Amino acid sequence: MKAAGSGRAGSGRAGGARTRTAGVGRPRTRTRGVNPARTGATGARTATAVHGAALLLTLTALGLTFWHGLDEPANALAFGVLIAFGELARWGARPGEREPAPLATAGALAYALLGQNAGKTTTHGVLQTVAVVVAAGLAGTVPHLARGRDPDLDHLARRVLTVAFAAACFQPLYNAGAVTARLGQGPSHVLFLVLLLLLTALCDAVLAALLHRARTGHPYAPLLRDELRALPGIGSAVCATGAVMALAVAVAGLWALPVLAVPLVLTQVSFRRYAAVRTTSRQTIASLARATEIAGCTPPGHAHRVAALSRAVGRELGLSGPELTVLESAALMHDIGQLSLVDPVAGGATAPLPAEEQRRIALLGAAVVRQTGVPEAVARIVERQADPYREQPLPARIVRAVNAYDDLAADRACGGLGALERLRLGTARDYHPDVVESLARVLARGGVTPAPPG
Amino acid sequence: MVVPRSARVLVGCALLAAAAVTLPALRPGTSWPTVLLLAALHPVCALPARCRLAVRVLGGGPDRVPALPGTGSFFPVLLTAALLLPPAAAALTALPGALLARVERPPFGLRRAWRAARLALAVGAAARAGQALRCPDALGLGPDTPDFPYVLLPAGATALTFCLALAALDGAIRATAEQFPLRTAWRGLLGRFLAPHTVHGLAGLMMAVLWRSSYGPAAALFVLLPMYISCWGFAQYHRERAAHQATIRALVQAVDIKDRYTRGHSERVGHASVLIARELGMDEPRLEVVRFAGILHDVGKLGVPTRVLRKDGPLTPEERRIIELHPEYGHEMVRGIGFLGEARTAILHHHERMDGSGYPYGLKGEQIPEYARVVAVADAFDAMTSTRSYSRARPVETALAELRRCSGSHFDPRMVEALTRALHDHGWQPEVTAGEPTVPAPRNPRAAQAPPQPPASRTDPADRANPTDLTGPTGPTDRTNPAGPRARRGRRPA
């Protein structure tokens, strides 16, 4: 997909850059394109700041813990082993898995929120928590390094900061006796932990979105929305297990750790299987999309380019999560109606066809898409892709504009710049002005950035 | 559906037994808050499982795995009840959830009664096993810490008893209601129950421990969350799998519509390939891959012009060359489907022959990948036993004789032998996907004698009535268009 798209991405970049210089002073260009160089620099600075903070915290914690020695070494060892063991779960992780090592994260959170062990009060502080989590995390990455895989530094930094946050909210208060004095050992203690975990999850989501933005340059708000939306998934299972481990160790001692690890491992297995079948499903949809190319209906790589560009434009326009997935599937399959024609359209480009013919192909396509297992929303987008933009939902507008851009830009005489000009001329009826401008911005930034994980 | 008398008697007996088990709970001394809370939790937690059932029912598809015994109920809650409460009260907690759960097939009343009785009996038995091993004392109470390594023993016994009871009851109902032979009624039940119940048993144990602790039931609820989410994950998995199979079917249907005479061929080749592969001793995951490889083997025909595929009568050398490109087109299409792995070569090489006279590469003997040799035999077998535009269906025996005659030169003798053995054991019921009738045999002589007709006139009325049919609006007019730019047709996929 990348190989097929790279050639076009180059021409798109050139076209977009020229458009930007040509478009200065044009009233329709409402927002100026973001300077790619500036985004890159800010991104690098954010990432460095987060990593630096995590590193500073780690060094302080390790230094002071060495200096003072460990409180309750048995607890530290048990949780450390759990975290290091949990890190092994990264083996089968797919690139971009949201929580590749849930057991390790849950163990780290539990250690941060631990107040008692089988009825005896514990005394470890924030810095010891961080030190144990980091040491165990590093020990857990050794097998991965030995196999020549890069450690996931972003994830490690996030874990250090999140755990430090949770421990800083809990340990000083608890060790000073304030928590027990005010809330006792009953249900209100549980409620307190729930509140703390909610805050921690928010903190983690903000950090994750920041790092994502730094890596990809996508707008911050939809990324944060994505992160928050993903929380009820495996994130909440991790938080719940963290809390329940802290409580269960307080009641039953360290035996609770292995017993509670099992359900979480099951959760992870179920999520992995779900993710695997989702990947397969996407690949199958992609090969269905490729069928039009093989059948000679569309130029090679067209469906993939339209899908990748549509996703980027959708993100630019504030779509997130499931909406983006639906948009991408629809963009992949937008030309599938051409399979139903006994003889292919000349050149495979639908954009120059009469509107009536375009709509007919769209309806045929929707009929095929409804036979596949993709959500109904995808079929609706495919169906509406050829309507005038005022009657279209946003995803259909995006697919229409991006498809037209790719069809027109394939024409040597027209090129990327000419294609954008043609789209701008069509904003009275066919293409939505905002979508066209977002497309211009995405192209100016250098076309398509790699899809973010998740 | 007629329910056998023995099944009715069994359900009646189970109801009586369940009543006998639960009635002592009405005596004073039952801790009603615990019973009520657990009884309310149980149906709430069953929601994601219920959703999965709904998906199975609505989504249909070939995913007709009989719902795992136990979908619709959520066992950690029941096992917690079995650990915390005396048998009668524990059995009582199972009733509301079982009675409220959705029943997907008639007879509704009878099924509902059976499920309630079955769960109540199993939970009652599990609680009795726990009690016998002093479980309630070992769990600790308030500030008392539980007696940890020991408490695993009663918890394990509880989970095991629960499993055994459920397996015994399910086997009994299988034997009576579904008329399974007595020897096979219990087969496989315990194995299917054991692994999930061990996990559920551990979660139930932690719930019980926290329930009794000073933190109270609120803390116990946290244990349920990961279980709940993993249930949801499995439900999503099943939904997405059904969606994936629908996508594959859509691909196959697209081929079927181009080449009408092969309707159902893809599915049957998938089936025959699995028969061969199973006989060769391949394991379950590989069988799945072989099935998909068989189903998708002709997907490259999407790249062949419709008019060539539908042509009646002999092909010109040029047309033959175009048709012989379809394995390469197919391989190019499925290149991105990761899970097919090695089986993708089956699509590329399913027209190779053992003596090297096949296409596209003219590979010989062991050079041809194993999957490809499997699919080649399955493909030839189905082509011979089904009606084509150029020949009518032959009986299975004749087809096998023909395969044996060509084995060694065209086909791998091992695969032919495997197919012969598999057909001997299981028979051959060419199954066709619902809604796609096989080409009726009487049509064949007419097609052979009559001059070539435009495809629209050859279509069954049933096909045209199908609104989602790909061919709907295309008609003879489209066929009269010039072929359009076919220059790309000759390109070889990389």
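**Figure 1. The loop between α2 and α3 of chain A holds A:E72.** In this predicted model, A:E72 sits in the stretch that links α2 (36–68) to α3 (73–87) of chain A. The phi angle of A:E72 is near 40°. That value is positive, and A:E72 is a residue other than glycine. A:E72 counts as partly exposed because its relative accessibility is 24%.

**Figure 2. A cis peptide bond joins B:Y359 to B:P360.** The omega angle of this bond is near 5°. B:P360 belongs to a loop of chain B, with α17 (344–349) on one side and α18 (370–385) on the other. For the chain as a whole, there are 24 helices and 1 strand in chain B. Chain B has 494 residues, and 53% of them count as buried. Among the contacts in chain B with a separation of 6 or more, 71% come from residues 24 or more positions apart.

**Figure 3. Chain A and chain B meet over a buried area of about 6,000 Å².** Carbon and sulfur atoms give 70% of that area. The elements of chain A that supply two or more residues to the side touching chain B are α8 (187–216), α9 (220–252), α10 (256–294) and α13 (355–371). Of these, α10(A) gives the most, with 24 residues. Sorted by class, this side of chain A has 37 nonpolar, 21 polar and 6 charged residues. In total, 64 residues of chain A are in contact with 66 residues of chain B. Between the two chains there are 9 residue pairs in polar contact, and the count of salt bridges between them is 0.

**Figure 4. A:S281 of helix α10 touches two residues of chain B.** A:S281 is placed in helix α10 of chain A. Which residues does A:S281 touch, not counting those up to four places away in sequence? They are B:E240 and B:H244. A:S281 counts as buried because its relative accessibility is 4%, and buried means under 20%.

**Figure 5. The cysteine sulfurs of A:C203 and A:C239 are too far from other cysteine sulfurs for a bond.** How many disulfides does the structure hold over all chains? The number is 0. A disulfide needs two cysteine sulfur atoms within 2.5 Å. For A:C203, the closest cysteine sulfur is in A:C169, 8.4 Å away, so the two are too far apart for a bond. For A:C239, the closest cysteine sulfur is in A:C203, at 11 Å, which is also too far. A:C239 itself is buried, with a relative accessible area of 16%.

**Figure 6. A salt bridge joins A:D406 and A:R305.** Side chains of opposite charge can pair when their charged atoms come close. Here the N to O distance is 2.8 Å. A:D406 lies in helix α15 (residues 394–409) of chain A and A:R305 in helix α11 (residues 302–316) of chain A, so the pair ties together parts that are 101 residues apart in sequence. Both A:D406 and A:R305 are buried. A search of the whole structure finds 27 salt bridges over all chains.

**Figure 7. A salt bridge joins A:E316 and A:R441.** The distance from N to O is 3.0 Å. Because A:E316 is in helix α11 of chain A and A:R441 is in helix α17 (residues 433–444) of chain A, the pair ties together parts that are 125 residues apart in sequence. Are these two residues buried or exposed? A:E316 is buried, and so is A:R441.

**Figure 8. B:E402 and B:R405 form a salt bridge in helix α19 of chain B.** The closest N and O atoms of the pair are 2.8 Å apart. Both residues lie in helix α19 (residues 396–406) of chain B. They are 3 residues apart, which is about one turn of the helix. B:E402 is partly exposed, with a relative accessible area of 23%, whereas B:R405 is exposed, at 60%.

**Figure 9. Salt bridges that share partners form a network in chain A.** The residues joined into this one network are A:R370, A:E376, A:R380 and A:E383.

Notes. Residues numbered from 1 in each chain as written. Chains lettered and ligands numbered in written order. Predicted model: local features only at pLDDT ≥ 70, side-chain atom pairs only at ≥ 80, totals over all residues. Heavy atoms only, no water. Buried < 20%, exposed > 50% of the residue type's maximum accessible area, 1.4 Å probe, protein only. Contact = heavy atoms within 4.5 Å. Buried area = accessible area lost by both parts, 1.4 Å probe. Salt bridge = Lys/Arg side-chain N within 4 Å of Asp/Glu carboxyl O. Polar contact = N/O pair within 3.5 Å; in protein donor to acceptor, adjacent residues only side chain to side chain. Helix = DSSP H or I, 4+ residues; strand = E, 2+ residues; numbered from the N terminus. Nonpolar A, V, L, I, M, F, W, Y, C, P; charged D, E, K, R; others polar.
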